[in-house]
Amino acid sequence: MNSFRHKKINTKSGALKTPFFMPDATRGFVKFLNNDDIKKTGIVPMVVNTYHLFLHPGMEIIKKAGGVHKFMNYHKPLLSDSGGYQVFSLIHKNPKMGKITDNEVIFRSPTSGEKHIITPEKSIQIQFDLGVDMMVCFDDPPPNNYSKEKISAAVERTIRWAKRCLIEYNKQIKKRKLDEKSRPLIFAVVQGGEHVDLRKRCVDGLIEVSKEIGRDWDGYGFGARHVDENGIFLEEILRATASFIPEKALRFALGVGTPEDIVRCYPMGWDMFDCVIPTREGRHGRLFIRNEQSKFPTCLPAGRFPMTNTKSISNGKKNTKNKFYKIISIRNSKFKKDFSAVDKNCDCELCQNHTRAYLNHLFKSGDPLGMRLASIHNLRFYAKLMKELQEL
RNA sequence: GGGUCGGUGGCAGAGCGGUCAAUUGCAUCAGACUGUAAAUCUGACGACUUACGUCUACGGCGGUUCAAAUCCGUCCCGGCCCA
C-alpha cells in the first residue's frame, strides 16, 4: 500500500516534486527571514494567507505591485490559504471575532476591530489577485470537539462553498484568459472532524461538485485539526481520508505538522505539507536535531519505523524514545556553557558559525538574531527531511 | 551639626495596624506551541514538606497592641536642603 509515488507538479512559477513542505509566510514573509535566508535553507514553495494579505497591505497595493510574487520579490511557487483557517482560529475559537452564516463570514479584524466580509467567491477573487500558483477553497473548519451534528453541518457548508469557489474559479480563469499552463491549481478541503464517515461524505460531496461543474480538483486538503484535544495524531482519520481522495489528485495535509507527523502522513499518500512549527518553535527557542542513531528513512517503507505519539495518553508526557529527532530548548540553563554546535551534522548558517552557548545568549538577550538563526536551522531541518522523503 | 525624606524578597517598586510569605514589572527556572491574533502563552519563584502545614522574614534593637512591613523610641545606613 505504501507506494512512494513521487508526483511532479507544474506551476507557473516552477515545478515541484512531492512530497514537499511549505513554511507559512502568512503575511507575505517568513518572520525574521529574507528571501536569501529561505533560499539557503533549501525551502522552495511557501504559503501566504488570503485574509491576512487582504487586511494588510490590502489588495490595492498587491495589485499595484503586480501580484504577491513581485511584491515579495519571491518568484517561486506560492500557495495561498483561503482564510478558511481563520474561520476556525479566530471565530470558532472566539465567537466575538466574527460570525459565520451560510452565505458568508463576517470577520472582525483582530487588530483594528474593523469588519470584513469574506465569501467563497471573494476568497477566490483575492487569491487570483494575489496571483498565486496554488489556491485553496474557502472552507469552514470546526473544532474537533464540536458535536457530530455541527461537524456534519460544517461538512455540508464546506461542500456548498467549494462549489461556489469552483464556479468562481472557472469564471476568473475565463475572465483572465488563463490556460492550463498559466492557471493556478485549486484545492478543495475535506472536513469531517474525527468522523471517518463524515470525511468520506465530504470527499464524495467534493467529487460530485467537480463533476457537476466539469472541472477536477487539482488536489484535496485535509481540513481542521489532525490531532485530538490531547495532541494525539489522528492516524486512522488521516489514513482513511487519504484513501477516499481520487488517486491522481494531490493530497495536501494542511497544517501538518511535526516532523514525525509528516513522516507518518507521507506513506498514507499525503503529498504536501505546511506548518508554522519550524518557524514558530524556532522563534520560541526550540531547535530540531536529527538523531544520528535513527535508521530513518531506510526502514520507513517497511513500516517498522517507530511512530510513537508525541504524547502518550496515560501520562501526557512526551515519548521521545526511538524518535528520529529530538528538540532542545536553547533557553534552558544547561546550554549556557555548551560551546558545541546545535547540531554538529547540520550545514545551516547557525550550526556552521555559532555555538549553543551563543544562541542561548542571543535568546536570553531577546535579540531577533537568535530567532532568525533558529528559524533558519529548523527550516533547514525540514528541507533535509523532505529531501530524504523525496529520495525514498 | 540641624532639618527633611527614605531603607520591603536577586533587582525595581507597591503596601502603611489584622484578609501579608507580602500587588506588579524585570530577572531566574521550567513547560506549551501543528492551514500564525504567537519575538506569544502557562506555571514556579523565602526555607523545609508530596501535601495539609510549620518556621524565618519588610535595615538593627526595644516598645505599644489581642494583632505590626504598617504606630512609637532609639541606633545604623542613604538621598536632598540648611549650616
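**Exercise 1. Find how many residues α14 has, how far it reaches, and whether it is buried or exposed.**

Solution. Begin with the length: in this predicted model, α14 has 23 residues and reaches 33 Å from its first C-alpha to its last. Next, set that reach beside the expected value, which at 1.5 Å a residue is 33 Å, and the two are close. Then turn to the surroundings: a residue is buried if 20 or more other C-beta atoms lie within 10 Å of its own, and 17 of the 23 residues of α14 are buried, so α14 is largely enclosed by the rest of the structure.

**Exercise 2. Determine which residues touch the most other members of the largest nonpolar core, and follow Tyr220 to its contacts.**

Solution. The largest nonpolar core has 103 residues, of which Val48, Cys137, Ala162, Phe187, Leu206, Tyr220 and Ala253 touch the most other members. The largest share of this core, 11 residues, is supplied by α14. Now take Tyr220 and leave aside its neighbours within four places in sequence: its contacts include Phe187, Leu206 and Ile245.

**Exercise 3. Locate Ile245, and decide whether Ile245 is buried or exposed.**

Solution. Along the chain, Ile245 lies in the loop between α9 (235-244) and β12 (250-253). Counting around this residue gives 24 other C-beta atoms within 10 Å, and therefore Ile245 is buried. Apart from neighbours within four places in sequence, Ile245 is in contact with Val203, Tyr220 and Arg251. With Tyr220, the separation is 25 residues in sequence, while the C-alpha to C-alpha distance in space is 7.1 Å.

**Exercise 4. Describe the surface near RNA strand B by its nearest residues, its elements and its classes.**

Solution. Of the 52 residues around RNA strand B, those that come nearest are Pro110, Pro141, Gly255, Gly257 and Ser333. Among the elements that each supply at least two residues of this surface are β4 (46-49), β13 (272-275), α11 (277-283) and α14 (368-390), whereas α5 gives the most, with six residues. Sorted by class, the surface consists of 19 nonpolar, 20 polar and 13 charged residues.

**Exercise 5. Work out how the radius of gyration of chain A agrees with that of a compact globule.**

Solution. Chain A has 14 helices and 15 strands, and its C-alpha trace spans about 60 × 45 × 40 Å along the principal axes. For 392 residues a compact globule would have a radius of gyration near 21 Å, and because chain A has 21 Å, the two agree. As a last step, consider the contacts between residues at least 6 apart in sequence, of which 71% join residues at least 24 apart.

Conventions
Residues are numbered from 1 along each chain as its sequence is written. Chains are lettered from A and ligands numbered from 1 in the order in which they are written. This is a predicted model: local features need pLDDT of at least 70, side-chain atom pairs count only at pLDDT 80 or more; totals for chains, interfaces and linings use all residues. A residue is near a molecule or strand if its C-beta atom, placed from the backbone, lies within 6 Å of it. Helices (H or I, at least four residues) and strands (E, at least two) are DSSP runs, numbered from the N terminus. Ala, Val, Leu, Ile, Met, Phe, Trp, Tyr, Cys and Pro count as nonpolar, Asp, Glu, Lys and Arg as charged, and the others, Gly among them, as polar. The expected span of a helix is 1.5 Å times one less than its number of residues. A residue is buried if 20 or more other C-beta atoms lie within 10 Å of its own, exposed if 12 or fewer, and partly exposed in between; C-beta atoms are placed from the backbone. A nonpolar core is a set of buried Ala, Val, Leu, Ile, Met, Phe, Trp, Tyr and Cys residues joined through C-beta atoms within 7 Å. Two residues are in contact if their C-beta atoms, placed from the backbone, lie within 7 Å. The radius of gyration is taken over C-alpha atoms; the globule rule is 2.2 Å times the number of residues to the power 0.38.
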